[in-house]
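Hi there,

Here is the structure I promised to pass along, with the sequence beside it. Have a look first, and then read on for my notes.

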Amino acid sequence: MERTITLEIPEETYKAIEMQAKTQGLRPAQLVMEWLSEAVKRAQTAEEDPLEALVGTLECEVTDVAEHHDEYIGQALAKELQGG
């Protein structure tokens with residue numbers, strides 16, 4: 001059984017899909033269907049991240065790790081190299 005989904009996408013996105021579909025000898029809808037099928041397969045076979053269960057369970061005073069992680073790593077490495 002097939003189902004129909006209607007998507008509204010920006011014109012420039014459609015043009016990019018259209019161009020890529022044309023190079024592969026497909027209709028845009030066929031190309032999008034292939035992409036969706038591949039994405040679903042990857043999602044179904046993807047291993048669960050073992051750390052995902054910890055998300056939101058830990059507390060820390062540092063709240064900007066995502067933005068400044070490189071700095072924190074650099075500080076920790078410098079401290080380690082200095083024997084601290």
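**What turned up in the model**

Just after α3, Gly-83 takes a positive phi of about 85°. That is a good place to begin, since you can find it by following the chain past the helix. Please keep in mind throughout that this is a predicted model.

**Confidence**

The average pLDDT of the protein is 90, and 99% of the residues score at least 70. Among the helices, α1 has the highest confidence, with a mean of 96, while the lowest is found in α3 (residues 65-81), with a mean of 90. As a general caution, predicted coordinates should not be read in detail where pLDDT is low.

**The helix α3**

Helix α3 has a bend of about 35°, placed at Glu-71. If you follow α3 on to its end, you come to Gly-83 with its positive phi, just after the helix.

**A salt-bridge network in α1**

How many salt bridges does a search of the whole structure find? It finds two. In one of them, Glu-11 pairs with Lys-15, and their closest N and O atoms are 3.6 Å apart. Both residues belong to helix α1, where four residues, about one turn of the helix, separate Glu-11 from Lys-15. In the other, the side chains of Lys-15 and Glu-18 meet at 3.9 Å, N to O. Lys-15 and Glu-18 are about one helical turn from each other, because they sit three residues apart in helix α1. Through shared partners, the salt bridges join Glu-11, Lys-15 and Glu-18 into one network. More generally, side chains of opposite charge can pair when their charged atoms come close.

Are the members of this network buried or exposed? Glu-11 has a relative accessibility of 52%, so it counts as exposed, the cut-off being over 50%. Lys-15, with a relative accessible area of 42%, is partly exposed. Glu-18 is also partly exposed, at 31% relative accessibility.

**The largest pocket**

The largest pocket has a volume of about 500 Å³. Two elements, α1 (11-23) and α2 (28-45), each give two or more residues to its lining. Of these, α2 provides the largest share, five residues. The lining is made up of 15 residues, and those nearest the centre of the pocket are Ile-5, Leu-7, Ala-29, Val-32 and Leu-36. By character, the lining divides into ten nonpolar, three polar and two charged residues.

**Two residues to look at along the chain**

Val-62 is in the loop between α2 and α3. Its relative accessibility is 37%, so Val-62 counts as partly exposed. From Val-62 to Ala-46 the C-alpha atoms are separated by 31 Å, with the two positions 16 residues apart along the chain.

Ala-43 is part of helix α2. It has a relative accessible area of 57% and is therefore exposed. Ala-43 and Gln-82 are 44 Å apart in space, C-alpha to C-alpha, and 39 residues apart in sequence.

**Where to start**

When you open the model, you could go first to Glu-11, Lys-15 and Glu-18, which the salt bridges join into one network. The largest pocket, with its 15 lining residues, would make a good second stop. After that, turn to α3 and its bend at Glu-71.

Happy to go through any of this with you.

Best wishes

Terms used
Residues are numbered from 1 along each chain as its sequence is written. This is a predicted model: local features need pLDDT of at least 70, side-chain atom pairs count only at pLDDT 80 or more; totals for chains, interfaces and linings use all residues. Side-chain values use heavy atoms; hydrogens and water are left out. On a 1 Å grid over the protein atoms alone, a cavity is a set of points where a 1.4 Å probe fits but cannot get out, and a pocket is an open set with protein on both sides within 12 Å along at least five of seven lines; lining residues have an atom within 4 Å of a point. Grid points are joined across faces, edges and corners, and a volume is the space filled by probe spheres set on the points. Ala, Val, Leu, Ile, Met, Phe, Trp, Tyr, Cys and Pro count as nonpolar, Asp, Glu, Lys and Arg as charged, and the others, Gly among them, as polar. pLDDT is the predictor's confidence in each residue, from 0 to 100. The bend at a residue is the angle between axes fitted to the seven residues ending there and the seven starting there. Buried means under 20% relative accessible area, exposed over 50%, partly exposed in between (1.4 Å probe, protein chains only). A salt bridge is a side-chain nitrogen of Lys or Arg within 4 Å of a carboxyl oxygen of Asp or Glu.
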